[in-house]
Amino acid sequence: MASSLPLDEFPNLSLDPARLPRHIAIVMDGNGRWAQRRGLARCEGHRRGKDSVRAVVEAARALGIPFLTLYAFSSENWQRPGTEVRFLMQLLHRYLVTEAKRLMKRGIRVIALGDLARLPATVRRALQQTVELTAANKSMTTALALSYGGRQDIVEATRRIATAVAAGQLDPAAIDEATVARELSTAAMPDPDLLIRTSGEIRLSNFFLYQLAYTELYFTETLWPDFRERDLLGAIAAYQARERRFGAVDGAPSDRLRAAN
Ligand code: IPE
Ligand code: IPE
Ligand code: MG
């Protein structure tokens, strides 16, 4: 395994390098509670959560995980108080500006998913710059889900498919799962093998609704600002202990789902 992550520092975790998830998706939750428990403003939790982002991105890269999606801001998070939303946008902007060099050094490509038109212009520009700068990087793809909603993703895909049908470019009878997958914002990525949600909440909160059909779900009480390399390795170890069946009998996933995953 091409890894600079010293796995021997974690002797209680034995990972099989041949069975690493190809795509890990993370709902980074619990920043506010992390801060509130310390008598701090919620924003302090977001600030600290940025350190977890760096740690997890670098650990995933060191392990050789090809795709990592971070759910950073949902389409519903716009309903939060303006001060918090503004703080999150500033933090995102700072992350994009300060991490660019590091991302280049590590060969990490950044892509963005979601309704990016809703983001403030400064953030959109910084995002576009990072996406363009890192476009040729090959070691790992990090997808930032920003102003992202799983239902909206499906609605957008539906609209594009309907437009193609109305224009006579697509026969409705020819629409299959591959057609839909191609029109989703995640078209360039395999479906997640592993979903991690921190902070003890057991829900999807409008994340990848189509893409998670056969994803292994991992929920941990750890709050996002406390989630680091060790926790990522723990989640992967739990994933490797699962038996994925894809609706078939032991060890014989159907060709169709195997191909999709
Ligand atoms: C996750 O932490 C960050 C975002 C959703 C942007 P929260 O801010 O949701 O923290 P809790 O869930 O209130 O603790
Ligand atoms: C989900 O967390 C969205 C992100 C982590 C970006 P929320 O904190 O917004 O989810 P709910 O409101 O608890 O469902
Ligand atoms: Mg939350």
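Reader: What volume does the largest pocket have, and what makes a space a pocket?

Author: The largest pocket has a volume of about 730 Å³, where a volume is the space filled by probe spheres set on grid points that are joined across faces, edges and corners. On a 1 Å grid over the protein atoms alone, a pocket is an open set of points with protein on both sides within 12 Å along at least five of seven lines. This is a predicted model, in which local features need pLDDT of at least 70 and side-chain atom pairs pLDDT 80 or more, while totals for chains, interfaces and linings use all residues. Residues are numbered from 1 along each chain, chains are lettered from A and ligands numbered from 1 as written, and side-chain values use heavy atoms, without hydrogens and water.

Reader: What makes you say that ligand 1 sits in the largest pocket?

Author: A molecule sits in a pocket if more than half of its atoms lie within 2 Å of the pocket's grid points, and ligand 1 is placed in the largest pocket by that test.

Reader: Why is the pair between D29 and ligand 1 called a polar contact?

Author: An oxygen atom of ligand 1 is 2.8 Å from an N or O atom in the D29 side chain, and a polar contact is a pair of N or O atoms within 3.5 Å, so the pair qualifies. A backbone N or O atom of G30, 3.3 Å from an oxygen atom of ligand 1, therefore qualifies too.

Reader: How do you know how much of ligand 1 is buried?

Author: Taken alone, ligand 1 exposes 380 Å², of which the protein buries 87%, by the Shrake-Rupley method with a 1.4 Å probe.

Key:
1 Å grid on protein atoms, 1.4 Å probe; cavity = no way out; pocket = protein on both sides within 12 Å on 5 of 7 lines; lining within 4 Å. Polar contact = N/O pair within 3.5 Å; in protein donor to acceptor, adjacent residues only side chain to side chain.
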